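Here are some short exercises to work through with the model open beside you. Try each task yourself before you read its solution.

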Amino acid sequence: MVNAFIAIVCGYLLGSIPSAYIAAQLKRKVDIRHVGSKNMGAVNVFYEVGYGAAGLVLLADIGKGIGAILLARWLGVSLLFQLITGLAAVTGHMLPVFLKFRGGKGGATTMGVLLCLMPRAIPFFLAIAAIALLTTRNISFCYSVAFICLPFVAWLIYHSIPMIIFSMVLP
């Protein structure tokens, strides 16, 4: 139980690392929370700082989700607590303790969590998101459509009640 608590707290703290804020400060000396869409994510960094910094932010945010799950696995916690640790990492990205609980939407961190916990669902998730993006050109909408479909994909591939519930709670 102690390991589960450690995993959840570390997942939250890892998710709280403000990669978009750090990249914008280092590259252009701007507070990404006050420019563009005011969102702390890779898309806002792309528009306000540049594609190189945005790529690094995207990789860092995905890495936060992967790192949280790998840490939970390394600590030997059960699947339930791995799922909770993943939620904690996404929550940390959205409500980072280091920036007064004002963060991003959590899309890339969620992708990192899904890469570890539901890897066979990723191709379906990305295909649905790509179709929505090509149709609408709206990144937030494409994530939303893909997340709506995720519980069905989890049901079809994993047949696991915890995974289905997780895929409904995660978005």
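**Exercise 1. Work out which pattern the chain follows along its sequence.**

Step 1. Reading from start to end gives α-α-α-α-α-α-α-α-α. Helices here are DSSP runs of H or I with at least four residues, strands are runs of E with at least two, and both are numbered from the N terminus.

Step 2. The count is nine helices and zero strands.

A word on the source: this is a predicted model, in which local features need pLDDT of at least 70 and side-chain atom pairs count only at pLDDT 80 or more, while totals for chains, interfaces and linings use all residues. Residues are numbered from 1 along each chain as its sequence is written, and side-chain values use heavy atoms, with hydrogens and water left out.

**Exercise 2. Compare the radius of gyration of the chain with that of a compact globule.**

Step 1. The radius is taken over C-alpha atoms, and the globule rule is 2.2 Å times the number of residues to the power 0.38.

Step 2. For 171 residues the rule gives a value near 16 Å, and the chain has 16 Å, so the two agree.

Step 3. Along the principal axes, the C-alpha atoms fill a box of roughly 45 × 40 × 20 Å.

Step 4. Of the 171 residues, 47% count as buried; that means under 20% relative accessible area, with exposed over 50% and partly exposed in between (1.4 Å probe, protein chains only).

**Exercise 3. Describe the surroundings of Val 57.**

Step 1. Place the residue: Val 57 lies in helix α4, residues 51–74.

Step 2. Its relative accessibility is 1%, so Val 57 is buried.

Step 3. Setting aside neighbours within four places in sequence, Val 57 has contacts with Ser 19, Ala 20, Ala 23, Gly 41, Ala 42 and Val 45. Contact means heavy atoms within 4.5 Å.

Step 4. Tyr 21 is 36 residues away from Val 57 along the chain, yet their C-alpha atoms are 9.1 Å apart.

**Exercise 4. Find how the axes of α5 and α9 cross.**

Step 1. Two packed helices are described by the angle between their axes and the distance between the axes.

Step 2. The axes of α5 (residues 79–94) and α9 (residues 161–169) come within 11 Å and cross at roughly 10 degrees. Axes are lines fitted to C-alpha atoms, for helices over the stretch in contact, with angles from 0 to 180 degrees between N-to-C directions.

Step 3. That makes α5 roughly parallel to α9, a label for angles under 35 degrees.

Step 4. On the α5 side, Leu 79, Leu 83 and Leu 87 meet Pro 162, Met 163, Phe 166 and Val 169 of α9.

**Exercise 5. Explain why Cys 149 has no bond to Cys 142.**

Step 1. A disulfide is a pair of cysteine sulfur atoms within 2.5 Å, and the structure holds zero of them.

Step 2. The closest cysteine sulfur to that of Cys 149 belongs to Cys 142, and at 12 Å it is too far for a bond.

Step 3. Cys 149 is partly exposed, at 26% relative accessible area, while Cys 116 is buried, at 12%.

**Exercise 6. Which sign does phi have at Lys 100?**

Step 1. Most residues other than glycine have a negative phi.

Step 2. Lys 100 has a positive phi of about 55 degrees. Lys 100 sits in the loop between α5 and α6 (107–117) and is exposed, with a relative accessible area of 77%.

Step 3. Phe 101, in the loop between α5 and α6, has a positive phi near 60 degrees. Phe 101 is partly exposed, at 48%.

Conventions. Angles under 35 degrees count as roughly parallel, over 145 as roughly antiparallel, 65 to 115 as roughly perpendicular and the rest as oblique.
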